[in-house]
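Trainee: I would be grateful for a close look at one strand and its partners, followed by an account of the rest of the model.

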Amino acid sequence: MSGVARSGRVRVFLPQGLRPFAGGAATVEWEQGEAPLADVLAALWERHPALRDRLFSEDGRWRPHVRVFVGTEDVRWSGDLATRVPAGAEITIVPAVSGG
Amino acid sequence: MPNDRIPKLGRGQVALFVGTAKGLFVLRARADRASWDVGGPLFAGEQVPALALDPRDRRLYVASQSWHWGTTIRTSDDLGATWSDPASSVLKFPEDTALAMQQVWQIQPGRPSEPGVVYAGVAPAALFRSADRGVSWELVRGLHDHPHRERWMPGFGGLCLHTIVPDPVRPERMTVAISAAGVYRTDDGGATWHARNRGVRAEFLPDKHPEFGQCVHKIVQHPRRPDTLFLQTHWGLYRSDDGGDTWRDIARGVPSDFGFCMAIHPHDPDVVYIVPLESDGYRCTPEGRLRVYRTRDGGGKWEALREGLPQENAHETVLRDAMCTDALNPAGVYFGTRSGKVFASADGGAGWTCIVDGLPQVLCMRAAYLGDPSRAAVGPAARAARPASRTRRTPVARKRAAAAPRRKASRA
């Protein structure tokens, strides 16, 4: 299954611009059973609280130029925060190809 | 780790911090301001719409805004050599407001009597206060809860609080400017605020003299004469001598009363600088001529300053926070354009030099002399003793310039 590693460790890949908010880390990983994306992100905030404000504005909405993939699926089309994240999945956060 | 992207700044030098649409640039000169080193960008790719160098403790504050990841307040205690952890300062709206930060428009250090206090004006229009040198920020509720708020209309740049003027004498008084809501003032430390727009026309509204709704662009005040304020609006130049209670028109002898920026002379409260723009849709310098206008009598009359400024094909725009002064005598006056040029005058505006050309769009600027201005060597004798003026670059800037030679340093 695409994007699912063999171990039970979820891995979150961070783009360059987010690494300063995660102590410089390019990847964050931890043991995680299958869970909705909202729970996985909550676990990510516990490890790196500053990331939350970079992905969401304070009114609780995704920042408009952020894309998040579970495996190769863009979560906008797979249930957003309710997207099921399998154990051992890879989550990739990318800046949308936008800007001026 | 200190970076080599910007020139190392030290005592006896003039620092010019330039916030652009694509990062922070730092320029350096000796007190004679005859030649400049150019470094940057820091925070490349991020917009820098607001910055401040706190004269009380020399902490540098920079608001940088990523297209993707939002706004970050960064601080430096060594003039930009090293920077705070970007995760350490959080400027955001409280949850109950249901608002989201769009942009920081101005960072304003507090008064000498309130160490550690810093203010930030933002969009959507609000004022924030930090009591711990920018680590944590609190929404000023008195203004946020103002009954006018729901009827404030955004200007072209959004609904933003862009100018903060703490009264230097009365710690309970502060004046702010909001586009397009007008001038508001508190006299009780921020608990209550009152519109202060009497005499300011709103040409674009059916009622030309509403209580609020004026599109105000910039207010300046001299610390020696705090009751006198000068105001540049969307179609209007005004002066108040009662702290903003009433305003009178001073737009005589200017090619246009529309403009964004305004700066006051550091030593003379009657000297004010503006850059008039052709309005309303064009918003560039009239007739393709770049002219700074200066009054030396508090708005009685204005004179065009053009020596060293391009007088043909110069369709420039200077944004509201992209003009500043230093504290030297004669005073340095500086401004940056949307086309990425930075101009400097080392003699109070009489003559100008383009000290760098080709930066990204200039959004804000701050200048500071690092030392005792009264002991600085600024005069023509000091200038004559130097080699011919030129603009230099830091090693990284030189490499970048070689790779993409688009920034042309010029000297008029």
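Mentor: Let us begin with a pair of residues: Thr175(B) has Arg185(B) as its bridge partner in β13(B). The model is a predicted one, in which local features need pLDDT of at least 70 and side-chain atom pairs count only at pLDDT 80 or more, whereas totals for chains, interfaces and linings use all residues. Residues are numbered from 1 along each chain as its sequence is written, while chains are lettered from A and ligands numbered from 1 in the order in which they are written.

Thr175(B) and Arg185(B) belong to a pairing of strand β12 (residues 174-179) of chain B with β13(B), antiparallel and made of 5 bridges. Helices (H or I, at least four residues) and strands (E, at least two) are DSSP runs, numbered from the N terminus, and two strands pair if DSSP finds at least two bridges between them. The connection from β12(B) to β13(B) is a hairpin of 2 residues. β13(B) also pairs with strand β14 (residues 194-195) of chain B, again in the antiparallel sense, over 2 bridges. Here Arg185(B) appears once more, with His194(B) as its bridge partner in β14(B). Arg185(B) is thus a residue with a bridge partner in β12(B) and another in β14(B). Strand β13 (residues 182-186) of chain B is mostly covered, with 4 of its 5 residues buried; buried means that 20 or more other C-beta atoms, placed from the backbone, lie within 10 Å of a residue's own, exposed means 12 or fewer, and partly exposed lies in between.

Another part of chain B is an open sheet of 4 strands in the order β23-β24-β25-β26, with antiparallel pairing. Its edge strands are β23 (323-325) and β26 (353-357) of chain B, each of which pairs on one side only. From one strand to the next, the twist averages 20 degrees. Between β23(B) and strand β24 (residues 333-336) of chain B there are 3 antiparallel bridges, and Met323(B) has Phe335(B) as its bridge partner in β24(B).

Chain B as a whole has 3 helices and 28 strands. Of its 412 residues, 53% count as buried. Its C-alpha trace spans about 60 × 50 × 40 Å along the principal axes. The radius of gyration of chain B is 20 Å, which agrees with the value near 22 Å for a compact globule of 412 residues; the radius is taken over C-alpha atoms, and the globule rule is 2.2 Å times the number of residues to the power 0.38. Among contacts in chain B between residues at least 6 apart in sequence, 53% join residues at least 24 apart, a contact being two residues whose C-beta atoms, placed from the backbone, lie within 7 Å.

Chain A has 100 residues, of which 23% count as buried. Its 2 helices and 7 strands follow the order β-β-β-α-α-β-β-β-β from the N terminus on. The C-alpha trace of chain A spans about 40 × 30 × 25 Å along its principal axes.

In chain A, 5 strands form an open sheet in the order β2-β1-β7-β4-β5, and the pairing is mixed. At the edges stand β2 (27-31) and β5 (73-74) of chain A; each has a single partner strand, so one side of each is left without a neighbour in the sheet. Strand β4 (residues 66-70) and strand β7 (residues 90-95) of chain A run antiparallel and are joined by 5 bridges, with Val94(A) in β7(A) as the bridge partner of Arg67(A).

Across β1 (9-13), β2, β4 and β7 of chain A lies helix α1 (residues 37-47) of chain A, at about 110 degrees to β2(A); axes are lines fitted to C-alpha atoms, for helices over the stretch in contact, and angles run from 0 to 180 degrees between N-to-C directions. The buried residues in α1(A) include Leu37(A), Val40(A), Leu41(A) and Leu44(A). These four cover an arc of only 95 degrees around the axis, which puts them on the same side of α1(A); the arc is that of the directions from the helix axis to the C-beta atoms. The face turned away from the buried side of α1(A) carries Ala38(A) and Glu46(A), which are exposed.

Finally, the two chains meet: 17 residues of chain A are in contact with 15 residues of chain B. Helix α2 (residues 50-55) of chain A supplies the largest share of the side of chain A that touches chain B, namely 3 residues.
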